[in-house]
Amino acid sequence: MKARILLTLALMLVVAEPLLAQRARVNVSGGEVSRSAAPGDASRLATRIPGIDAELRARLQVGGDSAQRIAMNDFAWKGRVSSVEIDEEDARVFWDVKIVPDSGQQTIVRYRVDATNGAILGVKQFTGVRGLLIRKP
């Protein structure tokens, strides 16, 4: 029985090791949270990040640029960020990052990234006509 448990634990470690290695790429520096990105990824990020008032800025630990990189690196998206917006709901501040994947131009993937700790709060995919309506030029 003990051997079976040890074998199961060892197998779980072997399977989980690549996932743990991927999570280890998260960098925290001076309140900014980011994941390591390839040098060419900067051209795929949105250039406009909304202005934030001083009161809200004091509560943020993750900037708009970092939120974009977290979203793009989550599943190693091949696409571009179409927009970045800051929002607040139930006293939780988060970034909405919308990605247009290279694979489907009628698709938008919206990431909600927590602005205080960089956690991904949710991922939602819009396809077809809804994807075209949400997409910003």
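Let's start with strands β5 and β6, the second of which covers residues 120–127: they pair in the antiparallel sense, over seven bridges. They also make a hairpin with five residues between them, and in that turn G118 takes a positive phi of about 80 degrees. Please keep in mind, everyone, that this is a predicted model.

Now look at the other partner of β5. Strand β4, residues 92–101, pairs with β5, again in the antiparallel sense, over six bridges. A nice place to see both pairings is R110. In β5, R110 is the bridge partner of K98, and R110 also stands opposite K124 in β6.

So how enclosed is β5? Seven of the eight residues in β5, which spans 107–114, are buried, so the strand is largely enclosed by the rest of the structure. Take V109, which lies in this strand. V109 has a relative accessible area of 1%, and because buried means under 20%, V109 is buried. What does V109 touch, once neighbours within four places in sequence are left aside? The contacts are W77, V97, K98, I99, P101, V123, K124 and Q125. If you like distances, V109 and V81 are 28 residues apart in sequence, with their C-alpha atoms 9.4 Å apart in space.

Let me turn to the charged pairs. The count of salt bridges comes to five, and I'd like to show you three of them.

The first on my list joins R92 and D114, whose side chains meet at 3.3 Å, N to O. This pair links distant parts of the chain, with R92 in strand β4 and D114 in strand β5, 22 residues apart. Are the two partners buried or exposed? R92 is partly exposed, with a relative accessible area of 42%, whereas D114 counts as buried at 3%.

Next comes E85 with K98, where the closest N and O atoms are 3.8 Å apart. Here too the pair links distant parts of the chain: E85 sits in strand β3, residues 79–89, and K98 in strand β4, 13 residues apart. E85 counts as partly exposed at 26% relative accessibility, while K98, at 11%, counts as buried. You have met K98 already, as the bridge partner of R110 and among the contacts of V109.

The last pair takes us to a helix. D65 and R69 form a salt bridge at 3.4 Å, N to O. Because they are four residues apart in helix α3, about one helical turn separates them. D65 is partly exposed, with a relative accessible area of 35%.

While we are at α3, which covers residues 64–74, ten of its eleven residues are buried, so the rest of the structure largely encloses this helix. R69 is one of those buried residues, and so are I70, A71 and M72, among others. After α3 comes A76, with a positive phi near 50 degrees.

Finally, let's zoom out to the chain. Four helices and six strands make up the secondary structure, in the order α-β-β-α-α-β-β-β-β-α along the sequence. Of the 137 residues, 33% count as buried. Among contacts with a separation of 6 or more, 46% come from residues 24 or more positions apart. The chain exposes about 8800 Å², and carbon and sulfur atoms supply 57% of that. Thanks, and I'm happy to rotate the model for anyone who wants another look!

Notes
Residues numbered from 1 in each chain as written. Predicted model: local features only at pLDDT ≥ 70, side-chain atom pairs only at ≥ 80, totals over all residues. Heavy atoms only, no water. Buried < 20%, exposed > 50% of the residue type's maximum accessible area, 1.4 Å probe, protein only. Helix = DSSP H or I, 4+ residues; strand = E, 2+ residues; numbered from the N terminus. Pairing = 2+ DSSP bridges. Contact = heavy atoms within 4.5 Å. Areas by Shrake-Rupley, 256 points an atom, 1.4 Å probe, with all protein chains shown as cover. Salt bridge = Lys/Arg side-chain N within 4 Å of Asp/Glu carboxyl O.
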